[in-house]
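Dear colleague,

I am passing on the two-chain structure we spoke about, so that you can have it open while you read. My notes on it follow below.

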Amino acid sequence: MIVQDSEKLTGKPQEQIIGMLLRAGVVLAAIVVLAGGLLYLMQHGSEHPNYQQFHGAPDTLNSVRGVLQDTAALHNEGIIQLGLLLLVLTPIARVALSAVSFALEGDRMYVVITLIVLAVLLVSLFGIR
Amino acid sequence: MTVLLFTLLVWLVSVVVGFLGALTGLGGGTLIVPLLTLVFGVNIHYAMGASLISVIATSSGAAAAFLREGYTNLRLAMFLQVATTVGAIVGAFLVTLVSTAFIGVVFGLMLLYSAYLSGRLPPEVATTGPPDKYAERFNLNGVYPAAGGQQPYQVQHVPAGFAVMFGAGVVSSLLGIGSGALKVLGMDRIMRIPFKVSTTTSNFMIGVTAAAGAGAYLKLGYIEPTVTMPVMLGVLLGSMLGAKVLVRAEARTLRIVFAVLLALTGIEMIYKAVTGKV
């Protein structure tokens with residue numbers, strides 16, 4: 001297929017698929033957050049929260065690994081945090097898919113640029129503590 | 001206030017903010033932090049975490065719809081995201097060094113600037129000018145669907161735009177917002193990109209920039225799940241409803257009301273920050 005302009009990606013089937021995956025990611029994230037939130041409200045709904053002072057979220061909720069362990073233990077806050085993580089992953093997934101898209105077009109420069117962005121995102125999420 | 005009441009009220013307010021943001025195209029995210037801190041007494045760091053997450057929700061939610069229309073310039077977005085994501089990480093580092101009063105004042109100024117921007121309608125001009133060598137080197141120029149067929153545009157002042165985008169990334173993590181106002185400044189006014197292209201491209205970039213900041217926020221403990229839950233669900237619902245209502249309405253009156261609201265909130269935020277109440 002010969003591509004002539006610089007708007008090659010928009011409106012193409014792969015972009016439609018990326019769009020659908022994005023929406024699915026957001027919906028899935030919202031469902032998980034809602035489930036965790038309802039469980040949390042059932043158990044703690046009548047308590048009195050204090051969000052005035054900053055203590056930082058509990059340590060188990062401050063890393064990808066911690067969140068996964070907390071979710072596995074079926075803690076409500078862990079489940080909410082897992083949903084939030086899924087949401088954070090949707091734009092990252094979009095960047096990763098864009099790299100594939102550029103590779104399919106044979107645009108090496110933009111594969112490299114996209115991978116740089118992806119690397120920054122992954123370092124931020126999983127990287128150095 | 002019980003947890004249940006707090007959650008319901010924050011959710012309701014977030015629905016309204018998300019709705020207004022989508023309807024005016026200005027992103028309501030900027031109002032989440034002041035509302036949580038000034039009205040609900042939430043610590044500003046938790047408010048910033050919840051706000052940054054809600055920014056991702058609106059960006060990804062809207063992106064699917066925007067992609068179909070053929071305005072988003074993916075190369076331009078990716079090129080500028082090198083600047084915004086690195087800026088976001090720098091901002092997340094800076095945020096640990098500055099006082100909450102400083103954050104409050106910068107936030108207030110940002111609100112005032114957003115109010116100024118939203119009070120005026122963006123110019124829809126075809127861009128002409130000498131070709132920028134970086135725009136050609138990085139293949140940033142594009143075309144977009146217009147009334148008379150495909151309309152080409154040339155991106156201008158790439159180095160200056162790149163620098164502003166780095167700043168937008170820093171501000172995004174420093175305040176927990178999408179900093180769409182700064183992205184508009186960089187793309188509309190400096191790089192001279194047509195409004196429809198800059199809006200949709202910036203929407204994509206906002207989500208990616210916020211994701212870079214969110215990773216760092218998570219480690220800093222800013223993302224408190226119980227505060228973020230109603231904000232994320234509310235803003236997502238509100239912005240989806242807003243996108244449905246928004247057909248092609250200019251919503252001029254609404255923009256002005258929104259601008260006044262932003263300005264008043266900005267003044268309140270600066271006042272509270274200076275008097276040590278944030």
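**A tryptophan in chain B, and what surrounds it**

Leaving aside its neighbours within four places in sequence, B:W11 is in contact with B:P230, B:L233 and B:G234. Please keep in mind, here and throughout, that this is a predicted model. B:W11 itself is found in helix α1 of chain B, which covers residues 3-24, and with 19 C-beta neighbours inside 10 Å it counts as partly exposed, because a residue is called buried when there are 20 or more. As for B:G161, which is 150 residues apart from B:W11 along the chain, the C-alpha atoms of the two are separated by 36 Å.

**The two chains in outline**

Chain A has four helices and zero strands, so that its elements, taken from the N terminus on, run α-α-α-α. Of its 129 residues, 40% count as buried, and among contacts in chain A between residues at least 6 apart in sequence, 56% join residues at least 24 apart.

Chain B contains eleven helices and two strands, and along the sequence these follow the pattern α-α-α-α-α-α-β-β-α-α-α-α-α. Here 59% of the 278 residues count as buried, while 81% of the contacts in chain B between residues at least 6 apart in sequence join residues at least 24 apart.

**Two helices of chain B**

Helix α9 of chain B, residues 195-220, has 26 residues and reaches 36 Å from its first C-alpha to its last, which is close to the 38 Å expected at 1.5 Å a residue. Of those 26 residues 22 are buried, so α9(B) is largely enclosed by the rest of the structure. Just after α9(B) comes B:G221, which takes a positive phi of about 80 degrees.

Helix α11 of chain B, residues 252-274, can be checked in the same manner: its 23 residues should span 33 Å at 1.5 Å a residue, and its end C-alpha atoms are 33 Å apart, which agrees. The buried residues of α11(B) are B:F258, B:L262, B:T265, B:G266, B:M269, B:I270 and B:A273. After α11(B) there follows B:G276, whose phi is positive and near 75 degrees.

**Where the chains meet**

The contact between the chains takes 56 residues from chain A and 57 residues from chain B. On the side of chain A that touches chain B, α1 (13-44), α3 (76-105) and α4 each supply at least two residues, and the largest share, 15 residues, comes from α1(A). By class, that side of chain A has 28 nonpolar, 21 polar and seven charged residues.

Helix α4 of chain A, residues 108-126, packs against α9(B) at an angle of about 25 degrees, with the two axes 7 Å apart. Since angles under 35 degrees count as roughly parallel, α4(A) and α9(B) are therefore roughly parallel to each other, and their crossing is left-handed. The residues that make this contact are A:V120, A:L121, A:S124 and A:L125 on α4(A), and B:A211, B:A212, B:G215 and B:A216 on α9(B). They divide into six nonpolar, two polar and no charged.

How does α4(A) lie with respect to helix α4 of chain B, and at what angle do their axes cross? The axes of α4(A) and α4(B), the latter covering residues 74-94, come within 9 Å and cross at roughly 30 degrees. These two helices are therefore also roughly parallel to each other, and the crossing of α4(A) and α4(B) is left-handed. From α4(A) the contact draws on A:Y110, A:I113, A:T114, A:I116, A:V117, A:V120, A:L121 and A:S124, and from α4(B) on B:R75, B:M78, B:F79, B:Q81, B:V82, B:T85, B:V86 and B:I89. In this contact of α4(A) with α4(B), the residues divide into eleven nonpolar, four polar and one charged.

If you read the two lists for α4(A) side by side, you will find A:V120, A:L121 and A:S124 in the contact with α9(B) and again in the contact with α4(B).

With best wishes

Conventions:
Residues are numbered from 1 along each chain as its sequence is written. Chains are lettered from A and ligands numbered from 1 in the order in which they are written. This is a predicted model: local features need pLDDT of at least 70, side-chain atom pairs count only at pLDDT 80 or more; totals for chains, interfaces and linings use all residues. Axes are lines fitted to C-alpha atoms, for helices over the stretch in contact, and angles run from 0 to 180 degrees between N-to-C directions. Angles under 35 degrees count as roughly parallel, over 145 as roughly antiparallel, 65 to 115 as roughly perpendicular and the rest as oblique. A crossing is left-handed if the near helix is turned anticlockwise from the far one by less than a right angle, and right-handed if clockwise. Two residues are in contact if their C-beta atoms, placed from the backbone, lie within 7 Å. Ala, Val, Leu, Ile, Met, Phe, Trp, Tyr, Cys and Pro count as nonpolar, Asp, Glu, Lys and Arg as charged, and the others, Gly among them, as polar. A residue is buried if 20 or more other C-beta atoms lie within 10 Å of its own, exposed if 12 or fewer, and partly exposed in between; C-beta atoms are placed from the backbone. The expected span of a helix is 1.5 Å times one less than its number of residues.
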